[in-house]
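Got your viewer open? Here is a short tour, one selection at a time.

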Amino acid sequence: MSETITTTLDLRGLSCPMPIAKTAQAIRALQPGELIESLATDPGSVPDFRAWCTSTGHELVEQTEEAGVYRFVIRKTG
Amino acid sequence: MTTAEATLDAPAPAPARPEHVPHDKLVIMAWSGDLDKIWPTFILGTTGAAMGMETTIFFTFWGLFPLVRNDVHVTGENWMQKMMSMMNRGGTEHLKLGKMNFVGMGPAMMKKLAEEHHVASPAELLEVARDLGVHLVPCQMTMDLLGLTTDDLIDGLEEPAGATTALLEAQDAVTLFI
């Protein structure tokens, strides 16, 4: 992916609801269109990030998993 | 005018309305001060605010005790209120489990497990909830009943209010009673 990621959050080890809560706190500082990357190890964060994007309207651009680390790239909408 | 030009001139189409129709408000009636009930109350309240829901938690009866400052030992004006506060000390650090309390061993084990599994404590969740703008409303009647003053309670709370305020908020909200 060539677009620049504005903020990366290391949420590894945190349990529900902190990966979402901390992403919600951090995304406030972004401009619409900018990207935030969240790294989490809580398997529940996979459905929860999808649900959060559905609820807030932010766009889940990318979601991958590598060695137990889930990576979510989210575009802030206005 | 060709079709292509017409398409170019047309305003951008409105984004398709998603099938999901979200509620934009969450109200939680926090009635229980048990650790294993106030914990999910704070988890859900924090998450609701994170999801962009305008979130209000109304703390009533035993649910008000988690909002007592951790450094306050005895609350109340008369002996009955004082005795009740001694038997049921407030503050996030002094909460009991609804089951398997075992004179405090249960909560100690639960806190140890939570630390090991990196589950945020009620106090941490409360901090995030406040940062995300969750409205924390103490019940005025409970405060009068138990002799609690705003000085006994943590900072960052809304003005104490009554059942009417709580139900007005709840009228167009997802409402939970915990």
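One term first: a helix axis here is a line fitted to C-alpha atoms over the stretch in contact, and angles between axes run from 0 to 180 degrees between N-to-C directions. Keep in mind, too, that this is a predicted model.

Start where the chains meet. Select helix α1 (residues 18-27) of chain A together with α2 (35-50) of chain B. Their axes come within 9 Å and cross at roughly 35°, and the crossing of α1(A) and α2(B) is left-handed. Now show side chains: A:Ile20, A:Ala21 and A:Ala24 from α1(A) meet B:Thr46, B:Thr47 and B:Ala50 from α2(B). Sorted by class, that contact has four nonpolar, two polar and no charged residues.

Next, widen the selection to the whole contact, which takes 15 residues from chain B and 13 residues from chain A. On the chain B side, the elements giving two or more residues are α2 (35-50) and α5 (122-131). The most comes from α2(B), with four residues. Colour the chain B side by class and you'll find eight nonpolar residues, six polar and one charged.

Now hop over to helix α4 (residues 105-116) of chain B. How far apart are its end C-alpha atoms? They are 17 Å apart, which agrees with the 16 Å that twelve residues should span at 1.5 Å a residue. Of those twelve residues of α4(B), the number buried is one, so this helix lies largely in the open.

Last stop: step just past α4(B) and click B:His118, which takes a positive phi of about 55°.

Technical notes: Residues are numbered from 1 along each chain as its sequence is written. Chains are lettered from A and ligands numbered from 1 in the order in which they are written. This is a predicted model: local features need pLDDT of at least 70, side-chain atom pairs count only at pLDDT 80 or more; totals for chains, interfaces and linings use all residues. Two residues are in contact if their C-beta atoms, placed from the backbone, lie within 7 Å. Ala, Val, Leu, Ile, Met, Phe, Trp, Tyr, Cys and Pro count as nonpolar, Asp, Glu, Lys and Arg as charged, and the others, Gly among them, as polar. The expected span of a helix is 1.5 Å times one less than its number of residues. A residue is buried if 20 or more other C-beta atoms lie within 10 Å of its own, exposed if 12 or fewer, and partly exposed in between; C-beta atoms are placed from the backbone. A crossing is left-handed if the near helix is turned anticlockwise from the far one by less than a right angle, and right-handed if clockwise.
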